[in-house]
Amino acid sequence: MATLQEVSEARAVRAAARRSAPRGSRSVAWWPPLAVLVVLVGIWYAAAAYYDHVRGLAFLVPYPHLVAKAIVAPTMPDGSPSTFGTDLWSALGRTTVVSLTGLAFAIVIGVAWAMAMAMAQAKWVERSLYPYAVVLQCVPILALVPLIGALFGYEFASRVIVTVMIALFPMVSNTLFGLQSADRAQRELFQLQRASRFARLVKLQVPAALPSIFVGLRTSAGLSVIGAIVGDQFFQRGNPGLGVLIQVTASRLMGPELYATIIIASLYGVAVFLVFGLIGRLAVGRWHDFS
């Protein structure tokens, strides 16, 4: 039978192995995506050459270096400096404000909505409230655009509402799942101690739900970027964001600028997803495998 010292040493060895193994795996994990990126860029160059020399439609698939130039140092056809770079980063800033504002409202509403259903501790309450979250997820946003625009105008408020509608459901569903996943034995212990519903919620259910809440937050963060761009395309009044810039560059056949805007929008969405994923790992990664 193993002694206490041997057990402690075995645990220390396993902990050291866990700390050292991910570093190597992380360095190796960067190579496959990088290789795929090189292949994709090569395919992009081949497609751009085909559309340029064979079909004579270079604006449909511009060369990658022209897209990079449109991001870093945009110029006019005659070589003079272009204002596209300023427009691109200004549009990104406006889209960022809309997406983060909508995400903040989605977090507050979603968590409060799920907690209200969890505190009620009655199936009929969940069955009464949860379907409306599903309805918000399933109703086509395009069908509600005229109504939203008529009620709230066609500027910042409407863009935020569309963002909230798109990003809300993951917060509600993941938070509710987390609150209901608290250990049954612990729930029974709280009942034996005659703890109030609020005490059970704060001391038991919310800590148990944190991993699920952060998963919902990460998902909603990515959807909020989509909502901000979609809302910007629907409501084109006021200060334009990336959605309007995409439509303008597409209508003017500005191929490199169009691709540059799409790439910046995609990179912003990835950045938001990664940032909130990092926040989740920092918050619950010490006691939960948040991946």
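## A helix that falls short

Let's start with helix 9, residues 197-234: were this 38-residue helix straight, it would span 56 Å at 1.5 Å a residue, yet its end C-alpha atoms are only 43 Å apart. Where does helix 9 bend, and by about how much? The place to look is Leu210, where the helix bends by about 50°. A proline, Pro211, follows within four residues of that point.

Please keep in mind as you look around that this is a predicted model.

## The overall layout

What is the chain built from, helices or strands? The protein chain has 11 helices and zero strands. Walking along the sequence therefore gives the pattern α-α-α-α-α-α-α-α-α-α-α, with helices defined as DSSP runs. Of its 291 residues, 35% count as buried.

## A buried salt bridge

Helix 9 comes up again here. The count of salt bridges in the model comes to one, and its partners are Arg159 and Asp232, whose side chains meet at 2.8 Å, N to O. Why does this pair tie together separate parts of the chain? Arg159 belongs to helix 7 (residues 156-180) while Asp232 belongs to helix 9, so the contact joins parts that are 73 residues apart in sequence.

Are the two partners buried or exposed? Arg159 has a relative accessibility of 3% and counts as buried. Asp232, at 2%, counts as buried too.

## Tyrosines in pairs

The structure holds four aromatic pairs. One of them is Tyr45 with Tyr63, a tilted pair with 6.1 Å from centre to centre and 40° between the planes. This pair links distant parts of the chain: Tyr45 is in helix 2 (residues 31-54), and Tyr63, 18 residues away, is in the loop between helix 2 and helix 3 (64-72). Tyr45 is partly exposed, with 33% relative accessible area. Tyr63, with 17%, is buried, because the cut-off for that class is under 20%.

Tyr50 and Tyr51 offer another geometry. Their ring centres are 5.4 Å apart and their planes stand at 85°, so this pair is edge-to-face. Tyr50 counts as partly exposed at 43% relative accessibility, and Tyr51 is partly exposed with a relative accessible area of 22%.

## A nonpolar patch on the surface

Which residues make the nonpolar surface patch of about 440 Å²? They are Trp31, Leu34, Leu37 and Val38. The spacing of such positions is worth a thought: an α-helix has 3.6 residues a turn, so residues three or four places apart point the same way.

Leu37 is a good residue to click on. Its place is in helix 2, and its relative accessible area of 48% makes Leu37 partly exposed.

## Helix 10 and the residue after it

Helix 10 covers residues 242-251, and its buried residues include Leu242, Gly243, Val244, Leu245, Ile246 and Thr249. The helix is followed by Leu253, which is found in the loop between helix 10 and helix 11 (255-284).

What stands out about the backbone of Leu253? Its phi is positive, near 60°, in a residue other than glycine. For context, most residues other than glycine have a negative phi. As for its side of the surface question, Leu253 is exposed, with a relative accessible area of 51%.

How values were computed
Residues are numbered from 1 along each chain as its sequence is written. This is a predicted model: local features need pLDDT of at least 70, side-chain atom pairs count only at pLDDT 80 or more; totals for chains, interfaces and linings use all residues. Side-chain values use heavy atoms; hydrogens and water are left out. Helices (H or I, at least four residues) and strands (E, at least two) are DSSP runs, numbered from the N terminus. The expected span of a helix is 1.5 Å times one less than its number of residues. The bend at a residue is the angle between axes fitted to the seven residues ending there and the seven starting there. Rings of Phe, Tyr and Trp (its six-membered ring) pair if their centres lie within 6.5 Å; planes under 30 degrees apart count as stacked, over 60 as edge-to-face and the rest as tilted. Buried means under 20% relative accessible area, exposed over 50%, partly exposed in between (1.4 Å probe, protein chains only). Patches are made of residues with over 30% relative accessible area and no salt bridge: like charges are joined within 9 Å, nonpolar side chains (Val, Leu, Ile, Met, Phe, Trp, Tyr) within 5 Å. Accessible areas come from the Shrake-Rupley method with a 1.4 Å probe; for residues, only the protein chains shown count as cover. A salt bridge is a side-chain nitrogen of Lys or Arg within 4 Å of a carboxyl oxygen of Asp or Glu.
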